[in-house]
Amino acid sequence: MTRILTGIQPSGSLHWGNFFGAIRPMISAQEQGNEMFFFIADLHAFTTVRDPETFRKNQKNILLDYLALGLDPEKSLFWRQSDVSAHSELAWFLMCLAPLGMLERAHSFKDKKAKGLETNAGLFTYPMLMAADILLYDADQVPVGKDQKQHVEMARDIAQKWNTQFGEVFHLPEPKIAKEVQTIPGLDGQKMSKSYGNTIEIFADEKVLQKKILSIKTDSIPLGEPIDPESCPVFAFHRLFENPNLKTLERQYKSGEIGFGASKKQLFALVWEYFSEARQKRAKLEKDFASVEKIMQAGAEKAAAIAEKKLEQVKKSIGISQ
Ligand code: ADP
């Protein structure tokens, strides 16, 4: 049985990038009977979220979103990172072994810095907290978007370094990137990300969703002219959301029968239907939030039991514990 682990930050509403990059692969892996470990990476989120009210709201939303989108606590282990202190503890041990140069090479940190976003030591050492998340649970596979691949490789590298220096403690994880996913572009064509303000949220209100889809940036091709479907971001979304009439649409693009506006309207209808069941489930769960909290507590207890064992092994390997 393959042990698959992933985490998501509660740093804003979930968007399409999260859905294709993280959620959908995870739900399908769960349905295929793998051993799924899934947590809310709230400690990671504190590298950027500063407002307590926003934090509370985001935490709640993300729990509801995941359960609504098909995460099944009967089949998967689901917990909040900050409820299991072993994550922070192991992160410290890994940081002490991590060469500065390795962290300095992290694309994600470099990009944020280059964009002038606020940086802090937590953001810089973030890959080691992420390595701790992964290594505590002997994960085989870590499904992530392309942008996080390097972080998973760092987890692998630091695990290898540890094993070489202190004996076999860690299992080496593999990043897993679904082929068709890669990086989902946002409204402006660059990577869809909360930090870039170019997202389309999964559970956006009807009006907001419509407006956002209409604002996806496209080339300026006059109506009636053929459009190359492969270079159109709207067409790419039709494909991702499994439009059953993709072939017809492709033909219409190539013959100039359809323009960007009409294609976007069709995309809205497609997406609204795609998430309709999840939307209903989410509304139900929201009314009974106490049971959601119970699910989280039970998950944290199970996760802590596993994580504590690994941490003990780590401490023994370096001589801190007998
Ligand atoms: P954001 O960039 O909006 O802050 P996160 O960093 O919280 O998103 O990402 C959570 C998960 O979703 C990660 O597995 C990440 O790789 C994936 N993900 C986020 N944005 C995208 C995207 N544009 N394309 C593919 N996967 C993405």
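This briefing describes one helix and the surroundings of a bound ligand. The model is predicted. Helix 11 spans residues 246-255 and has both buried residues and exposed ones. The ligand has 18 residues around it, and the protein covers 94% of the accessible area that the ligand has on its own.

**Helix 11**

- The buried residues of helix 11 are L246, L249, E250, Q252 and Y253.
- These residues lie on the same side of helix 11, because they cover an arc of only 165° around the axis.
- The cover over the buried residues of helix 11 includes helix 10, residues 233-240, and helix 12, residues 260-274.
- K247 and K254 are exposed, and they sit on the face of helix 11 that is turned away from its buried side.
- After helix 11 comes G256, which has a positive phi, near 80°.

**Ligand surroundings**

- Among the 18 residues around the ligand, those that come nearest are H15, G145, I184, S193 and K194.
- S193 also has a side-chain N or O atom that is 2.8 Å from an oxygen atom of the ligand.
- In the side chain of D147, an N or O atom is 3.1 Å from an oxygen atom of the ligand.
- At G17 a polar backbone atom is involved, and a nitrogen atom of the ligand is 3.3 Å from that atom.
- On its own, the ligand has 530 Å² of accessible area, of which the protein covers 94%.

Technical notes: Residues are numbered from 1 along each chain as its sequence is written. This is a predicted model: local features need pLDDT of at least 70, side-chain atom pairs count only at pLDDT 80 or more; totals for chains, interfaces and linings use all residues. Side-chain values use heavy atoms; hydrogens and water are left out. Buried means under 20% relative accessible area, exposed over 50%, partly exposed in between (1.4 Å probe, protein chains only). Helices (H or I, at least four residues) and strands (E, at least two) are DSSP runs, numbered from the N terminus. The arc is that of the directions from the helix axis to the C-beta atoms. Contact means heavy atoms within 4.5 Å. A residue is near a molecule or strand if one of its heavy atoms lies within 4 Å of it. A polar contact is a pair of N or O atoms within 3.5 Å; within protein, one must be able to donate a hydrogen and the other to accept it, and residues adjacent in sequence count only if both atoms are side-chain atoms. Accessible areas come from the Shrake-Rupley method with a 1.4 Å probe; for residues, only the protein chains shown count as cover.
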